[in-house]
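Subject: A structure for you to look at

Hi,

Here is the structure I promised to pass on. Have a look at it first, and then read on for what I found in it.

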Amino acid sequence: MRKVPAKQLFGAKAQGSQQAPKPHGSYANGCIAGAEELPETGPTWQAMRLSRNRNWGHPDTIDFLKDLSAKAATLPGWEGLYIGDISQPRGGPMLSGHRSHQLGLDADIWMLPPTRLDLTEAERENISSISLRRAKGAYVNGFWTAQHQEVLKAAASDPRVARIFVFPGAKVQMCKDAKGDRSWLRKIRPWWGHHYHFHVRLSCPKGVKGCKDQAPIPAGDGCEAAESWVQDILNPPPPPPVDPNAPKPKPRKELTMASLPAQCVNVLQSR
């Protein structure tokens, strides 16, 4: 294993390990034992891009997605949710795309409101979500609806959720429109991209040692910080001066098995 990038080893596994469910490590440097597969189609959801085989997660994540999709199905114009990447069958680094999604505790949820839940496998490969951003993410566009806010609010109100990543303009819009209790806004965090989908991150399951939560969210609703992001989009700060003598940035290193928690070798080799 020493000479093979960890992403190739984990990307080659087609099934979860036959172990008790347990995430090891951190969201961007870990793996998951005993991951559960989200069924490709359920009463209120469909898993997308099935060829990626990334519809695996911790049982808490699978239960959360089922619960949130049932909530979404009660909203006008929504039959449920289209679920994007969760994790690979044993988590770990992915062959392409995400740096996180390694513990089975992250999930991408499409912004496209499902109007049917009988998409074929081929349709799920070719259909695209919709972008909700305008002006490079400073504002929402005409596809943004009150139902999008309700789905995000329901997700953020779930105690299993640690934070949700969405483009800055969406956070600012929700800050403007939120009525009554605004505590759920704190979990909505602005981040680049995330306009075709929003990214839900669950907390480590209670009592699980060796699973590392992200640093706590700052106090407050985060609306002022989101507005600052928007202002930087609209009026970009000048780039820092270039130091001709500065060393060239080192390329990002590929994760190896030695980089991951020691338990991930067992997860990889388990039946």
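K136 counts as exposed, because its relative accessibility is 68% and the cut-off for exposed is over 50%. This residue sits in the loop between strand 9 (133-134) and strand 10 (139-140). The backbone of K136 is worth a look too: phi is positive there, at about 60°, although K136 is not a glycine. Please keep in mind throughout that this is a predicted model.

N53 is another non-glycine residue with a positive phi, in this case near 55°. You will find N53 in the loop between strand 5 (45-47) and strand 6 (56-57). With a relative accessible area of 22%, N53 is partly exposed.

Now to the helices, beginning with helix 2. This helix has 14 residues, and the distance from its first C-alpha to its last is 20 Å, close to the 20 Å expected at 1.5 Å a residue. Its buried residues are P59, T61, I62, F64, L65, L68, S69 and A72.

Helix 4 covers residues 146-157. Its twelve residues should span 16 Å at 1.5 Å a residue, and the end C-alpha atoms are indeed 16 Å apart, so the two values agree. Which residues of helix 4 are buried? They are H148, Q149, V151, L152, A155 and A156. These residues cover an arc of only 160° around the axis, so they lie on the same side of helix 4. As background, an α-helix has 3.6 residues a turn, so residues three or four places apart point the same way.

What do the buried residues of helix 4 pack against? Two helices are on the list, helix 2 (59-72) and helix 5 (168-177), together with strand 7 (81-83), strand 11 (161-166), strand 12 (188-190) and strand 13 (197-202).

The pairing with helix 2 can be described in more detail. Two packed helices are described by the angle between their axes and the distance between the axes. For helix 2 and helix 4 the angle is about 145°, and the axes are 10 Å apart. The crossing of helix 2 past helix 4 is right-handed. On the helix 2 side the contact is made by F64, L68, K71 and A72, and on the helix 4 side by V151, A154 and A155. Sorted by class, this contact has six nonpolar residues, no polar ones and one charged residue.

Helix 6 (residues 223-234) also has twelve residues, which should span 16 Å at 1.5 Å a residue; its end C-alpha atoms are 17 Å apart, which agrees. In this helix C223, A226, V230 and I233 are buried. Viewed down the axis of helix 6, they fall within an arc of 70°, so they line one face of the helix. Helix 5 and strand 12 are included in what covers them.

For a closer view of that region, try P168, which is in helix 5. Is P168 buried or exposed? It counts as buried, because its relative accessibility is 2% and the cut-off for buried is under 20%. Leaving out residues up to four places away in sequence, P168 touches G137, P190, W191, A226, W229, V230 and I233. G137 is 31 residues from P168 along the chain, and their C-alpha atoms are separated by 6.1 Å.

A few loop residues round off the tour. A219 lies in the loop between strand 13 and helix 6 and is exposed, with a relative accessible area of 75%. The C-alpha atoms of A219 and R186 are separated by 7.7 Å, with their positions 33 residues apart along the chain.

P39 belongs to the loop between strand 3 (36-37) and strand 4 (41-42). It is partly exposed, at a relative accessible area of 34%. Setting aside neighbours within four places in sequence, P39 is in contact with W45, A47 and K66.

Last comes E79, in the loop between helix 2 and strand 7. At 43% relative accessibility, E79 counts as partly exposed. Beyond its neighbours within four places in sequence, E79 is in contact with T44, A73, P114, T115, R116 and L117. By contrast, the C-alpha atoms of E79 and P239, 160 residues apart along the chain, are separated by 45 Å.

Happy exploring, and best wishes

Terms used:
Residues numbered from 1 in each chain as written. Predicted model: local features only at pLDDT ≥ 70, side-chain atom pairs only at ≥ 80, totals over all residues. Heavy atoms only, no water. Helix = DSSP H or I, 4+ residues; strand = E, 2+ residues; numbered from the N terminus. Expected span 1.5 Å × (residues − 1). Buried < 20%, exposed > 50% of the residue type's maximum accessible area, 1.4 Å probe, protein only. Arc of directions from axis to C-beta. Contact = heavy atoms within 4.5 Å. Axes fitted to C-alpha atoms, helices over the stretch in contact; angles between N-to-C directions. Left-handed = near helix turned anticlockwise from the far one by under 90°. Nonpolar A, V, L, I, M, F, W, Y, C, P; charged D, E, K, R; others polar.
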